[in-house]
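Open the structure in your viewer and keep the selection tool ready. We will go stop by stop.

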Amino acid sequence: MDEIQGMISEVVFRNEVNGYTVLELQDDVEENTVVGYFPYVNIGETIKAVGTWVEHPDYGRQFKMETYQVVTPATLNGIERYLSSGLIPGIGAATAKKMVEKFGLDTLDIIQYNPQRLTEIDGIGQKKAQKIYEAFQEQRELKDIMLFLESYNISPAYAVRIYKTYGANTIKVIRENPYNLADDVFGIGFKMADRIAQSMGIPLDSEYRIASGTRYVLSQFHNNGHSYIPQDKLIKTAAELLDVREEAVENMLMGLYIDRKIVVDDLDGVKAVYSIAFYKAEVGVARRLLALAQYPVFEVNFDIEHEINQIEKEEGICLATNQKEAVEKAVTKGLLVVTGGPGTGKTTTIKAIIRLFERMGLSVLLCAPTGRAAKRMQEATGRESKTIHRLLEYGYGDRDEDMMFQRNEDSPLEANVVIVDEVSMVDILLMNNLLKAISEGTRLILVGDVDQLPSVGPGCVLRDIINSEAVTVVRLNEIFRQAQESLIVVNAHRINKGEAPILNIKNKDFFFMREESQTGILEKIKELCKDRLPKYSGYSSIEGIQVLSPMKKGICGVINLNTELQKILNPPHPTKNERQYRDMIFREGDKVMQIRNNYKMKWQSLWDSDYEGEGVFNGDMGIISKVDNEEQTVEVIFDGERLVRYEPSDLDELELAYAVTVHKSQGSEFPVLVMPVIAGPPMLLTRNLLYTALTRAKKMVVLVGQERCIYSMINNNYVTRRYSGLEYRLRRLGNWDEFMGNTISIQE
Ligand SMILES: Nc1ncnc2c1ncn2[C@@H]1O[C@H](COP(=O)(O)OP(=O)(O)OP(=O)(O)O)[C@@H](O)[C@H]1O
């Protein structure tokens with residue numbers, strides 16, 4: 001490591017979000033470029049930086065700072081530049097010069113300890129002296145805060161976020177209760193807050209620690225898809241994590257319950273602990289669904305059978321019995337669920353339902369949980385379809401700082417019918433928000449495949465609704481002739497029923513390639529993606545062929561697959577810029593995926609520069625079009641039309657996507673799908689997962705690996721249990737009032 005010291009003569013670039021800065025540092029002899037994460041530095045300040053000299057391809061020799069220390073300006077020139085940098089309002093170049101001429105090297109001490117004396121300078125009165133003093137103090141404070149945070153090894157990027165959250169109170173808030181960080185600052189979780197707290201000497205059994213740790217465990221369960229957690233499980237897990245007695249956690253739970261930070265409900269003898277939001281959502285969903293199901297939609301003065309006949313004639317099809325039943329019930333019921341596997345005619349039924357309502361003169365709105373699913377619905381029906389978020393006008397209200405759904409009980413959707421596709425992907429929170437915006441009298445039709453993996457977010461809403469038997473459900477189970485042509489569809493159904501798939505029939509679309517070793521599987525997948533499949537299928541390696549893997553880690557996990565596929569599909573090239581982020585390289589031309597819902601991320605249409613919007617969602621896939629190392633940005637084009645610019649602090653929302661996990665692929669469809677089949681944890685390698693993976697493919701599936709692993713997945717009918725009370729709430733219709741939300745009264 002080298003060390004350099006000098007005065008900051010220029011700040012060339014600064015990223016306000018993460019503190020990444022390019023600056024010029026002047027020492028006695030020369031000016032050097034220094035780059036690094038400086039949360040807080042100003043022109044005129046003298047710093048001592050530790051780091052290494054590097055040769056940048058475009059900007060030449062520069063110093064890459066690892067750590068630095070601010071040295072109070074010690075020269076007359078340094079003090080003058082520091083004061084005239086615009087840092088302290090009221091001091092410009094002329095005043096700074098006068099101050100340094102008058103007070104020399106004591107200038108900064110005078111401002112801090114004897115500001116009264118500033119009035120000795122022409123043009124500075126009492127008031128101005130006071131202002132200068134206050135601004136100077138503020139700067140000091142900021143520096144103290146940064147030093148304080150640094151002393152707990154908090155990286156500059158987090159330090160900036162923390163300071164932005166608490167401002168001048170930062171040190172006080174953290175000293176009082178460092179666990180506040182986990183609640184208040186995005187990106188800081190319990191573990192980081194706990195590390196800081198431990199280095200501050202906070203005891204293991206501190207109430208703050210137990211409260212924060214308990215809520216952390218609860219949130220982890222929610223992150224894993226559970227709507228609640230059984231109380232005894234929560235107590236045990238939290239006590240283990242915190243290394244405290246179970247009674248301490250139990251007492252804390254009581255406190256959190258009394259403070260209404262959590263809800264403890266009795267679900268048929270099980271004490272269920274909920275975070276408030278999930279409790280409200282679950283109760284809300286149950287209440288609203290039942291209200292819709294029981295609402296007497298107005299008498300239909302319409303010969304439905306005759307109309308269905310007409311539609312069949314016009315469309316040149318003959319609906320199957322249960323498709324007809326679905327169309328009829330869509331009209332006569334306030335709430336209808338239609339479920340079926342691939343090729344069972346869900347889309348055809350949706351189209352017939354839309355046609356019928358249009359003939360009745362009723363307005364229909366279409367939506368789906370992801371952008372891709374909505375786009376597919378739109379293409380299949382020829383009618384506009386939006387994401388649920390867009391339909392509910394998710395965005396900023398007039399007064400609110402936070403984003404919210406503008407369509408809700410006060411401003412419901414204006415439509416006679418709302419049809420939602422891919423409902424298996426809708427979690428309990430989104431379902432609650434959707435239902436809030438649907439007033440009684442509007443018919444709601446939920447369509448999905450209940451055998452798909454459940455939503456990424458908490459709950460298993462579709463499964464619970466169907467299992468509750470409280471709502472009208474039509475099951476489509478006939479695979480139509482056209483769909484039967486496809487071995488993908490046939491095999492998906494076979495697998496779903498626990499039967500072996502049919503493999504390797506000539507001119508079909510479902511293939512298996514035997515390969516025993518993991519490295520052999522990897523090599524085969526690389527070969528398939530690079531040459532064989534593009535040639536055979538006509539689809540491009542990057543956009544048309546998708547590798548799915550059940551797992552993240554290991555030779556055939558998505559992390560390694562991405563590294564290996566990137567090497568052969570988009571290798572380094574002198575014309576392609578790239579950027580290292582953590583252990584990933586983002587290179588121009590790479591296929592990437594957004595891995596978190598980000599409603600605030602801005603996008604711009606590639607084709608119409610006036611058309612722009614907000615929101616990039618979990619599972620959206622795109623191609624990196626530009627890596628700008630000067631601006632530190634990465635640009636991605638999603639769906640060939642929306643351009644999104646990622647700042648360095650956004651990059652943790654992006655991953656390479658040559659290969660993605662089956663879970664992440666939900667709601668997407670790909671022309672050609674390649675998947676390794678290898679042994680692994682039985683909780684992961686389930687029939688449900690294989691079924692979900694296969695149903696993502698439209699034209700071709702290639703499984704590569706060990707045949708016995710296909711069978712062991714098919715035989716593994718383990719469905720990960722999700723703690724959800726929705727089915728139970730829906731079932732308990734009889735004792736409705738006594739049951740719903742009785743435990744604690746919560747204003748919705
Ligand atoms: N009543 C019917 N008679 C004949 N063919 C039908 C009928 N209903 C659907 N089909 C055909 O069956 C195939 C699958 O139908 P559809 O696309 O509606 O199913 P889906 O459940 O939406 O499938 P996926 O989930 O795979 O998209 C299509 O080719 C469709 O034309």
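**Stop 1: the ligand**

Select T347 and the ligand: an N or O atom in the T347 side chain is 2.4 Å from a ligand oxygen atom. A polar contact is a pair of N or O atoms within 3.5 Å. This is a predicted model, where local features need pLDDT of at least 70, side-chain atom pairs count only at pLDDT 80 or more, and totals for chains, interfaces and linings use all residues. Residues are numbered from 1 along each chain as its sequence is written, and side-chain values use heavy atoms, leaving out hydrogens and water.

Now pick Q323. An N or O atom of its side chain is 2.8 Å from a ligand nitrogen atom. Next, G343: one of its polar backbone atoms is 3.0 Å from a ligand oxygen atom. Of the 630 Å² of accessible area (Shrake-Rupley method, 1.4 Å probe) that the ligand has on its own, the protein covers 72%.

**Stop 2: the shell**

Show every residue with a heavy atom within 4 Å of the ligand. There are 15, and C318, Q323, K346, T347 and T348 are the closest. Which helix gives the most to this shell? Helix 15, residues 346-359, with three residues. Helices here are DSSP runs (H or I, at least four residues), and strands are too (E, at least two).

**Stop 3: a sheet**

Select strands 6, 8 and 7, which form an open antiparallel sheet in that order. Strands pair if DSSP finds at least two bridges between them. Strand 6 (229-230) and strand 7 (262-267) are the edges, each pairing on one side only. Strand 7 pairs with strand 8 (270-275) over six bridges. Finish at V263, opposite Y274 in strand 8.

Key. A polar contact is a pair of N or O atoms within 3.5 Å; within protein, one must be able to donate a hydrogen and the other to accept it, and residues adjacent in sequence count only if both atoms are side-chain atoms.
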